[in-house]
Amino acid sequence: MHSKEKPKKIEIMGNDGAHYNFLLKCDKYGDLRKEQRFIDFAVLCNKMLENDAEARKRNLRLRTYAIVPLSRNTGLIEWIQNTNTLKNIVGDYWKKNNIKGEMQDIKKKATEAKEGETHTKIWPALKTDIKPVLGSWIGDHFPSPEIWYEAKMNFIKSTAIWSMIGYIIGLGDRHGDNILIHAHTGEVTHVDFDCIFEKGAKLRVPEIVPFRLTSNIIDAFGIFQEKGVFKKSCEIVLRVLRKNSPNIQSFLYSFIHDPLIEANNNVKVEIKDGLATVSKKLTGQISSTSGASATVEEQVEQVILNAINDESLK
């Protein structure tokens with residue numbers, strides 16, 4: 001497969017005679033046991049959402065999948081059928097509409113503008129030239145009005161859930177290859193959970209957005225954009241998470257003491273720092289420098305603004 005780690009897609013025949021696809025992955029720097037624990041956390045969040053009347057009425061739930069670690073950095077990952085990556089979908093539609101939005105195209109634009117290879121100073125021009133296309137894909141892929149509406153709602157609500165859970169746990173590395181969209185339902189699923197507990201903020205180029213909410217994703221939301229269903233779903237999910245704060249912190253605290261997860265003391269210190277940040281978010285603290293607690297609505301409003309802020313996206 002086209003990835004720096006070169007994972008393999010394999011097929012296993014079960015006792016029932018059916019064939020099941022898995023991804024055999026060897027991640028040199030990651031820890032699949034930690035990723036398995038994140039899936040366990042997602043299952044816990046689903047149970048919390050199921051127990052809440054508002055979330056249950058809106059069918060707010062995550063699509064999860066199985067991870068079977070074979071060692072620290074090797075394991076089998078359930079193949080999620082009928083999905084494509086956000087990167088592939090957007091890239092195909094860029095080509096279809098003759099939009100040059102790939103990284104090599106952006107570097108070329110920057111070089112031609114005599115700005116080296118950075119896009120920061122040509123950001124306004126990029127926003128004008130590289131039009132969002134994900135909304136067009138949903139319209140073309142789901143041509144029936146009823147199916148289109150259902151797929152769009154699935155996309156919006158699943159994006160909201162992943163955004164809030166990712167924000168709380170400090171999930172980073174949300175590039176286009178790590179976000180899958182189901183071809184039949186429009187539902188979003190995230191993969192690759194090694195970069196948690198604000199690990200992305202410590203990268204060479206720090207990640208400073210709370211979750212991925214780029215123009216393409218907002219384009220797929222429709223005319224209400226980040227308002228409307230998305231914002232309301234975020235508020236419901238965050239309220240449920242804050243309500244269940246003791247259970248969440250108890251589960252996440254096991255990352256420190258689990259002997260199967262990286263035992264390096266420096267890593268454990270980083271996890272402890274990350275858990276302290278999780279605790280603050282679950283009490284409504286938006287800024288690390290402010291001790292004031294915001295309401296759920298205020299917190300959602302602010303993190304959405306942080307996610308779409310041009311200064312954060314450059």
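Biologist: What is the relative accessible area of Asp 194?

Modeller: Asp 194 is buried, where buried means under 20% relative accessible area, exposed over 50% and partly exposed in between (1.4 Å probe, protein chains only). This is a predicted model: local features need pLDDT of at least 70, side-chain atom pairs count only at pLDDT 80 or more, and totals for chains, interfaces and linings use all residues. For Asp 194 the relative accessible area is 11%.

Biologist: Which residue meets the side chain of Asp 194 in a salt bridge at 3.0 Å?

Modeller: A salt bridge is a side-chain nitrogen of Lys or Arg within 4 Å of a carboxyl oxygen of Asp or Glu. Residues are numbered from 1 along each chain as its sequence is written, and side-chain values use heavy atoms, with hydrogens and water left out. The partner is partly exposed, with a relative accessible area of 30%. At 3.0 Å, N to O, Asp 194 meets Lys 199.

Biologist: Which residue joins Asp 194 and Lys 199 in a salt-bridge network?

Modeller: Asp 194 and Lys 199 form one bridge of their own. The network links them with Lys 34.

Biologist: How many salt bridges does the structure hold?

Modeller: The pair Lys 199 and Asp 194 is one of them. The structure holds a total of 13.

Biologist: How many residues apart in sequence are the parts tied together by Lys 281 and Glu 198?

Modeller: Lys 281 bridges to Glu 198, with the closest N and O atoms 2.5 Å apart. Lys 281 lies in helix H11 (residues 265-282) and Glu 198 in the loop between strand E7 (188-190) and helix H8 (215-221), so the pair ties together parts of the chain. Helices (H or I, at least four residues) and strands (E, at least two) are DSSP runs, numbered from the N terminus. The separation in sequence is 83 residues.

Biologist: What is the phi of Glu 198?

Modeller: Glu 198 sits in the loop between E7 and H8. Glu 198 is partly exposed, at 25%. Its phi is positive, although Glu 198 is not a glycine, and lies near 65°.

Biologist: Which residue in the loop between strands E4 and E5 has a positive phi of about 60°?

Modeller: The loop runs between strand E4 (74-78) and strand E5 (83-85). The residue is partly exposed, with a relative accessible area of 40%. It is not a glycine; it is Asn 82.

Biologist: Which residue of helix H9 pairs with Glu 301?

Modeller: The side chains of Glu 301 and its partner meet in a salt bridge at 2.3 Å, N to O. Glu 301 lies in helix H12 and the partner in helix H9 (residues 228-243), so the pair ties together parts 70 residues apart in sequence. Glu 301 is partly exposed at 26%. The partner, buried at 19%, is Lys 231.

Biologist: How far apart are the end C-alpha atoms of H12?

Modeller: H12 covers residues 296-308, which is 13 residues. The expected span is 1.5 Å times one less than the number of residues. That gives 18 Å, which agrees with the model's end-to-end distance of 19 Å.

Biologist: What arc do the buried residues of H12 cover?

Modeller: Val 296, Gln 299, Val 300, Val 303, Ile 304 and Ala 307 are buried in H12. They lie on the same side of H12, because they cover only a limited arc around the axis. An α-helix has 3.6 residues a turn, so residues three or four places apart point the same way. The arc, taken from the directions from the helix axis to the C-beta atoms, is 125°.

Biologist: Which residue of strand E3 belongs to the nonpolar surface patch with Leu 24 and Leu 70?

Modeller: Patches are made of residues with over 30% relative accessible area and no salt bridge, joining like charges within 9 Å and nonpolar side chains (Val, Leu, Ile, Met, Phe, Trp, Tyr) within 5 Å. This patch has about 240 Å² of accessible area together, by the Shrake-Rupley method with a 1.4 Å probe, counting only the protein chains shown as cover for residues. The residue asked for is partly exposed at 40%. In strand E3 (residues 67-69), it is Val 68.

Biologist: How many disulfides are there?

Modeller: A disulfide is a pair of cysteine sulfur atoms within 2.5 Å. Cys 45 is buried at 1%, and Cys 195 is buried at 9%. The disulfide count is 0.
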